[in-house]
Amino acid sequence: MLFDSSLRKELGRSFGATLVVLVTIVMTVMLIRTLGQASVGRVNPSEVMLVMGFTVLGHLPTILTLSLFVAITATLTRMYAASEMVVWFASGQGLFTFLKPTLRFAWPVLLAVAVLAIVVWPWSNHQIRELRDRYQGRGDIERVAPGRFIESAGGQRVFFIDKDTADAQTGNNIFIAANERGMETVTSAQSGRLDVLKGERFVILGKGYRLETDTASGETRVSNFAEYGNRISPQIIGPTDNDSPRMKRTTVLMGDPTPRHKAELSWRLGLTLAALNCVIIALAATRVNPRVGRSAGLMFALFAFATYYNLIGVGESWIGYGKIGLLPFMLLLHGGIFALAMGALLARHAGWFSVRRLLPARRGTA
């Protein structure tokens with residue numbers, strides 16, 4: 001009882017501290033990335049925190065797995081360095097007996113990783129896509145922002161307004177470039193305003209010029225105007241038809257086993273299996289080398305985690321291109337790592353690689 005409680009208590013403290021640090025780092029990185037997307041008009045600036053929250057929620061399985069891996073590695077490293085492991089070994093607790101209390105502590109995290117990877121991951125991706133589509137589908141006037149070149153929803157016009165007034169119905173120093181019906185048009189005006197004529201919205205430009213170029217013949221026509229009106233299209237572009245497997249539910253992927261769906265399914269299941277394997281790897285591989293220091297365990301955890309997840313990504317690409325099947329890849333990667341980690345754990349538990357066990361044999365042969 002003392003063995004289980006003391007180990008789980010220390011794992012809890014280490015896991016909580018690691019999780020807070022990793023979530024803070026990921027949130028900072030995602031905030032910077034989302035602000036960059038908002039600056040180029042891909043994300044609504046007022047929904048930056050919402051998009052960032054959905055993005056972090058989608059990456060939470062990876063964060064939880066890495067936090068658990070680092071927590072177990074850091075805890076065992078400290079116990080080895082403080083000679084606590086020697087005390088537990090001398091009292092009859094082998095290395096394999098650490099697996100039971102570790103899994104007892106880790107099972108809620110493993111369950112959370114499974115739920116997040118299988119259920120929350122596609123839902124968060126779908127929510128992010130809806131937010132972006134809703135923002136990209138707004139009208140041309142709503143897309144215009146002072147001091148920035150903004151592309152229209154259809155991609156056929158580029159707007160620029162130097163500055164606007166408080167009522168947002170007028171503006172100064174307006175520039176519009178359009179490519180419609182084989183004509184390239186550049187319009188510049190000193191001022192402009194929004195107006196409603198016969199139930200339709202118009203933008204009225206004042207004191208400017210218009211340059212029209214026929215893309216086929218190359219003919220150019222320049223005209224000056226004191227006032228020029230352009231009707232604003234009321235058509236709003238709807239959400240894009242994105243058939244990405246990342247937005248589909250896991251049941252849909254299993255019901256339609258195409259290579260793309262199998263690739264996405266391998267990623268979601270791989271996140272869950274990787275979390276379990278990382279627990280066993282941490283127990284089997286963690287040890288302290290006095291010549292290297294305690295930081296070696298953390299470096300090993302980060303390197304092993306990055307390698308494992310890169311292999312999952314490579315396997316996802318191979319499955320998507322049909323180079324390997326889903327089941328063979330899962331057995332080869334996750335089953336192979338599980339067998340190797342469990343074998344190493346049992347070997348260290350039995351002391352097969354212990355120097356003390358090999359010394360008598362060497363003395364006898366000398």
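**Briefing: surface patch, cores and confidence**

W107, L111, V115 and V119 make a nonpolar surface patch of about 400 Å². The model is predicted: local features need pLDDT of at least 70, side-chain atom pairs count only at pLDDT 80 or more, and totals for chains, interfaces and linings use all residues. Residues are numbered from 1 along each chain as its sequence is written, and side-chain values use heavy atoms, without hydrogens and water.

**Surface**
- Patch residues have over 30% relative accessible area and no salt bridge, with nonpolar side chains joined within 5 Å.
- W107 lies in helix α4.
- W107 counts as exposed because its relative accessibility is 52%; exposed means over 50%, buried under 20%, partly exposed in between (1.4 Å probe, protein chains only).

**Cores**
- The largest nonpolar core (buried Ala, Val, Leu, Ile, Met, Phe, Trp, Tyr and Cys residues joined through side-chain atoms within 4.5 Å) has 60 residues.
- L68, F69, I72, L76, F98 and L345 have the most contacts inside this core.
- At least two residues of this core come from each of α1 (2-39), α2 (48-81), α4 (99-136), α7 (259-285), α8 (295-320) and α9 (326-350).
- A second, separate core has eight residues, including F159, I176, A189 and V203.
- Beyond neighbours within four places in sequence, I72 is in contact (heavy atoms within 4.5 Å) with L11, T102, V279, A282 and L283.

**Confidence**
- Mean pLDDT (the predictor's confidence in each residue, from 0 to 100) is 80 for the protein, and 79% of the residues score at least 70.
- Among the elements, α7 has the highest mean, 91, and helix α10 (residues 355-365) the lowest, 46.
- Residues 234-239 stay under 50, with seven contacts beyond four places in sequence.
- Residues 361-366 are also below 50, with zero contacts beyond near neighbours in sequence.

Notes
Helix = DSSP H or I, 4+ residues; strand = E, 2+ residues; numbered from the N terminus. Patch = residues over 30% accessible without salt bridge, like charges linked within 9 Å, V, L, I, M, F, W, Y side chains within 5 Å. Areas by Shrake-Rupley, 256 points an atom, 1.4 Å probe, with all protein chains shown as cover. Salt bridge = Lys/Arg side-chain N within 4 Å of Asp/Glu carboxyl O.
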